[in-house]
Amino acid sequence: MKILKNVSLKKYNTIKIGGPASIIYFPENHSEIKSIKNILKKRKTLILGNGSNIAFKDIGYKNDLVCFKKLKNSLSLIGTNNIYASAGVSCAKLAKFAHRHSIPGFEFLYGIPGTVGGALRMNAGAFGSEIWDIVQYVTILDKKFDLIKLERSKFNFSYRRVDMKGISAFVDVFFKINKNRKFQRSLLDEFSVKRKKTQPINQWSSGCIFKNPKKDISASALIDNSNLSETRVGGIYISNKHCNYFINDGTGSCNNLEKLIKIIQLDIHKQHSIRLEKEICIY
Ligand SMILES: Cc1cc2nc3c(=O)[nH]c(=O)nc-3n(C[C@H](O)[C@H](O)[C@H](O)COP(=O)(O)OP(=O)(O)OC[C@H]3O[C@@H](n4cnc5c(N)ncnc54)[C@H](O)[C@@H]3O)c2cc1C
């Protein structure tokens, strides 16, 4: 198993923020996961996917990190009812795989730059769909660090959250193929074009910084209408393409990011009595 010590965490998140990591383990299969049970058992050990919704503090992360990105990239059709994916598979690869097999319902995942494991943890979604909509079973690592297969009905999830009670990590997943749904060959490209038009996908960011406070109130619209849309703190600024994306110009720090988050939260609360909740995870 690959193990890295004293590496910069900037390499392991898409907003390129953070000090050094003491140690990162990269298990590649179930037996390597089992071999680091004692590491995973530690309360402060953190699981990392592709780092597309994470920023690390400037002092770095002193506890152990376990990255599932190198988990054997298995992705396969199971009969005609399921797609199997390990937690390390990228959402884009999964969407393309389903598209190649003319399977509908996975197109929304194409532009989400995370792993399947990270997407399950965040209940990632786009264009009106969320990942838990298409799950049938999930293999998890429970709090005793045993691998257990659980049905979707055992999970409690809602917009950008899943209840992690009893769960340490998502290891792999069986998605359900919906045979009543019609496959639209052009949908993947349509979503991709929409995303490119409305989101700064080629800049260093973590996607949306805040959750939408209500179904019909977007955090982006609140910021856009607040006179704060051009605010910058150090090297972190609000994207002019999408106000809920904060961009690192290459010099930004976690301290800059947290200050900008505070400024926006305070202002939106003052103006609308709405408390914007962070979607980004900061450790
Ligand atoms: C340009 C851009 C566009 C984006 N667009 C969207 C979008 O449309 N919709 C959306 O929902 N999100 C979007 N995001 C945010 C992000 O891509 C998603 O939240 C994604 O699901 C995170 O996956 P990850 O593998 O990068 O997780 P990470 O960022 O590595 O981790 C996120 C959280 O999940 C935990 N975690 C990771 N893997 C596991 C695992 N296997 N088991 C248990 N916990 C785990 C981590 O500890 C952390 O708490 C976007 C981000 C960017 C940069």
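Student: What makes strand β2 (residues 20-26) and strand β5 (residues 61-67) a pair?

Tutor: Two strands pair if DSSP finds at least two bridges between them. Strands β2 and β5 are joined in the parallel sense over 4 bridges, so they meet that rule. One of the partnerships sets I23 against D64 in β5, and I24 faces L65 in β5. This is a predicted model, where local features need pLDDT of at least 70, side-chain atom pairs count only at pLDDT 80 or more, and totals for chains, interfaces and linings use all residues. Residues are numbered from 1 along each chain as its sequence is written.

Student: Why is β2 called a strand?

Tutor: Strands are DSSP runs of E with at least two residues, while helices are runs of H or I with at least four, and both are numbered from the N terminus. Strand β2 covers residues 20-26, so it qualifies.

Student: How do you know that β3 and β5 pair?

Tutor: They share 3 bridges in the parallel sense, and L48 stands opposite C67 in β5.

Student: What makes β1 (2-8) and β3 edge strands?

Tutor: The open sheet has 4 strands in the order β1-β2-β5-β3, with mixed pairing. Strands β1 and β3 each pair on one side only.

Student: What makes a residue count as near the ligand?

Tutor: Its C-beta atom, placed from the backbone, must lie within 6 Å of the molecule. Here 31 residues surround the ligand, and G49, G114, G117, G118 and G207 are the closest. Elements giving two or more residues to this shell include β3 (46-48) and α4 (116-122). Helix α4 gives the largest share, 5 residues.
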